[in-house]
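Please look over the model below. A short report on selected parts follows it.

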Amino acid sequence: MSLEMSNSNGGNGIQRSHDKREMLCLLKLLKKYQLKSTEELLCQEANVSAAELSAISETDVQQVLGAALGLGDGEREPPRSASVETKQTAVTEANAAEALAKFIGDDSFDAQQHEQAYEDLRSFVEDSLDIYKHELSMVLYPILVQIYFKMLAIGQKEKARAFIEKYKSDLDGYYIEGLFNLLMLSKPEELLDNDLVVAMEMDKFVIRMSRDSHSLFKRHIQDRRQEVVADIVSKYLHFDTYEGMARNKLQCVATAGSHIGEAKRQDNKMRVYYGLLKEVDFQTLTTPAPAPEEEDDDPDAPDRPKKKKPKKDPLLSKKSKSDPNAPSIDRIPLPELKDSDKLLKLKALREASKRMALGRDQLPSAVFYTVLNSQQGVTCAEISEDSTMVACGFADSSIRIWSLTPAKLRTLKEADALRELDKESADINVRMLDDRSGETTRNFLGHTGPVYRCAFAPEMNLLLSCSEDSTIRLWSLLTWSCVVTYRGHVYPVWDVRFAPHGYYFVSCSYDKTARLWATDSNQALRVFVGHLSDVDCVQFHPNSNYVATGSSDRTVRLWDNMTGQSVRLMTGHKGSVSALAFSTCGRYLASGSIDSTIIIWDLSNGSLVTTLLRHTSTVTTITFSRDGTLLAAAGLDNNLTLWDFHKVTDDYISNHITVSHHQDENDEDVYLLRTFPSKNSPFVTLHFTRRNLLMCVGLFKS
């Protein structure tokens with residue numbers, strides 16, 4: 001803040017008065033934005049009393065801010081008047097008009113000329129040879145949309161609407177939803193806030209095209225002197241050309257459909273370490289420490305019996321091979337395993353040794369938990385990694401935990417009782433819990449909006465939840481209370497997931513971002529920015545180094561947790577992505593969508609492996625069996641499908657899968673093993689136990 005200085009005593013008094021007033025206004029502003037520690041420190045330094053602070057009004061604060069930001073030295077902001085408000089409104093409208101001018105591009109915009117140019121382009125595509133027609137037809141949608149934007153920007157709403165209605169039948173069906181949303185726009189100003197409009201402004205629409213097709217297209221717009229189309233192409237389209245034959249219709253459709261067209265080849269060039277981390281050596285944990293060495297051939301005691309060496313557990317004697325595609329163990333900081341964590345992993349390993357091998361001739365048994373008479377409405381469900389607990393989130397902002405075993409949900413003993421325990425005992429974790437407090441179900445209350453996702457920590461002692469109230473909460477399953485509330489997203493949080501190695505978790509939101517967190521910090525470690533619409537689902541890679549996100553912009557992205565960069569961009573879905581799951585080997589990613597399809601992606605190069613077609617409604621949940629041979633998927637069509645993932649990968653690696661038959665409905669049953677319908681119960685979640693029993697949770701709808 002600049003103030004006019006005076007040499008007279010009176011001037012110094014006025015100056016001090018101004019300084020004091022500005023200081024009080026600054027403190028008032030700090031109080032308003034809840035910067036408590038800064039406010040207290042400044043009050044102490046400036047020796048300001050609470051009475052002085054309360055005497056400052058909001059008008060005083062606005063006047064001082066106005067003087068500092070908008071007026072010259074020593075000037076005071078005049079009282080707000082109708083003329084000032086009118087001026088501000090005019091400035092806002094001027095900004096909007098300036099932004100809208102970018103859509104028009106030329107003061108002499110002629111709607112009739114643009115429509116004729118599009119008609120000529122449409123005729124050119126229709127008259128092209130069949131070998132090039134399908135690739136050339138991909139330019140119609142972005143050019144149609146840009147002409148519509150220009151018509152709407154100059155206020156020709158009816159003409160713009162008629163233009164869309166006339167030509168929308170030429171486009172593929174998956175574009176119709178986007179066009180329908182565009183027809184809802186009624187004012188030019190609404191263009192500035194529309195997701196699709198902003199997406200096509202920020203990123204050029206990508207079209208993958210053979211060099212021959214691209215040459216034909218360029219020759220057309222040059223020979224016909226179509227400056228209108230050429231201008232749109234230069235501003236809003238990016239051609240990712242390649243050598244070779246042009247793609248057929250099925251190949252074009254397989255990777256089309258997102259808000260920004262297809263992924264560029266350079267988007268998937270970075271190396272991804274998709275291998276699994278080397279597991280801890282459990283043999284050292286189970287083998288007792290050797291006693292102090294004694295000489296076996298002691299001459300003073302020749303008859304002493306020799307001590308037997310402890311036998312090695314054959315289950316643990318297998319050495320895990322180092323994966324050349326795995327990241328180094330110290331690539332990202334991972335929490336050091338405690339002895340209790342190692343014992344949990346050891347228990348999981350022993351249970352996995354009794355796992356049933358699944359395949360085409362051996363399908364899993366399945367158990368379905370149905371939530372009945374839920375007046376609050378189930379919004380999510382999650383089963384713990386050890387399959388002992390299930391958590392459900394409800395629309396009334398509550399969370400309920402059930403025990404799935406005879407063991408009840410117990411809480412910690414009182415502090416005095418905990419002090420008396422022997423901390424070195426092997427069963428200390430069990431003895432810390434109070435048997436008298438055991439219950440079969442417990443509730444969590446704290447959110448102020450519907451709960452959209454719950455996630456158990458790998459150690460099963462913590463639970464994460466996210467809600468419409470834009471917060472993430474961490475709950476203790478020992479004290480049964482909220483431990484931390486994480487605030488960072490500014491809109492509803494749709495999904496949250498723990499890392500397989502614990503400590504880290506990731507969230508995604510309506511604010512178009514995903515965020516990486518650590519449980520011991522209330523600030524996000526990474527903010528993943530790049531999606532053009534809200535991020536609907538998120539999933540950690542098995543090695544905890546990467547995060548996958550699915551968005552309403554119809555793309556799937558893979559992010560590197562170390563750098564925060566997007567290392568894979570995958571396009572092919574024709575609707576919002578609703579579910580994600582990594583294969584047990586870490587190389588493949590399965591994604592489900594509201595377009596009823598499941599797509600398998602190869603993370604080594606970002607390519608589409610195959611599309612699985614059987615569901616008739618949104619796919620809400622996907623999971624892989626523990627041995628990685630089966631893929632289970634379910635959705636709102638009340639159907640559970642089991643797919644032979646082992647055959648999918650075998651065919652892909654042996655090059656039997658080609659993009660040309662991804663959408664071939666005659667082949668849709670090649671990988672499908674079985675479909676199980678439920679009785680009026682949409683599936684909420686699926687989970688394979690360590691022994692490969694399939695557990696399902698659904699909500700009965702009468």
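The report takes two sheets, a set of repeats from a record, and a single histidine.

This is a predicted model, in which local features need pLDDT of at least 70, side-chain atom pairs count only at pLDDT 80 or more, and totals for chains, interfaces and linings use all residues. Residues are numbered from 1 along each chain as its sequence is written, and side-chain values use heavy atoms, without hydrogens and water.

**Two sheets**

Helices (H or I, at least four residues) and strands (E, at least two) are DSSP runs, numbered from the N terminus. Two strands pair if DSSP finds at least two bridges between them. Strands of a sheet pair through backbone hydrogen bonds, either parallel or antiparallel.

One open sheet has four strands in the order S22-S23-S24-S25, with antiparallel pairing. S22 and S25 each have a single partner strand, so one side of each is left without a neighbour in the sheet. Neighbouring strands here are turned by 20° against each other on average, direction ignored. The angle is taken between axes, which are lines fitted to C-alpha atoms, for helices over the stretch in contact; angles run from 0 to 180 degrees between N-to-C directions. Five bridges join S22 to S23. Leu580 has Ser591 in S23 as its bridge partner.

Another open sheet has four strands in the order S26-S27-S28-S29, again with antiparallel pairing. S26 and S29 stand at its edges, each with one side left without a neighbour in the sheet, because each has a single partner strand. The average turn between neighbouring strands of this sheet is 15°, direction ignored. S28 and S29 run antiparallel and are joined by five bridges. Leu640 is bridged to Phe676 in S29. Helix H19 (residues 645-653) packs on the sheet and touches S26, S27 and S28. Its direction makes about 40° with that of S28.

The edge strands are listed here.

| Sheet | Edge strand | Edge strand |
|---|---|---|
| S22-S23-S24-S25 | S22 (577-582) | S25 (607-613) |
| S26-S27-S28-S29 | S26 (619-624) | S29 (672-677) |

**Repeats in the record**

An unreviewed UniProt entry places "repeat: WD" at several spans, including residues 570-611 and 612-644. UniProt positions follow the numbering used here, feature names are shortened, and annotations may be inferred rather than shown by experiment. Residues 612-644 are 0% helix and 61% strand, with end C-alpha atoms 11 Å apart.

**His214**

Is His214 buried or exposed? His214 counts as buried, because its relative accessibility is 16%. Buried means under 20% relative accessible area, exposed over 50%, and partly exposed in between (1.4 Å probe, protein chains only). His214 is found in helix H12 (residues 211-223). Leaving aside neighbours within four places in sequence, His214 is in contact (heavy atoms within 4.5 Å) with Met209, Phe239 and Thr241. His214 and Thr241 are 27 residues apart in sequence and 7.3 Å apart in space, C-alpha to C-alpha.
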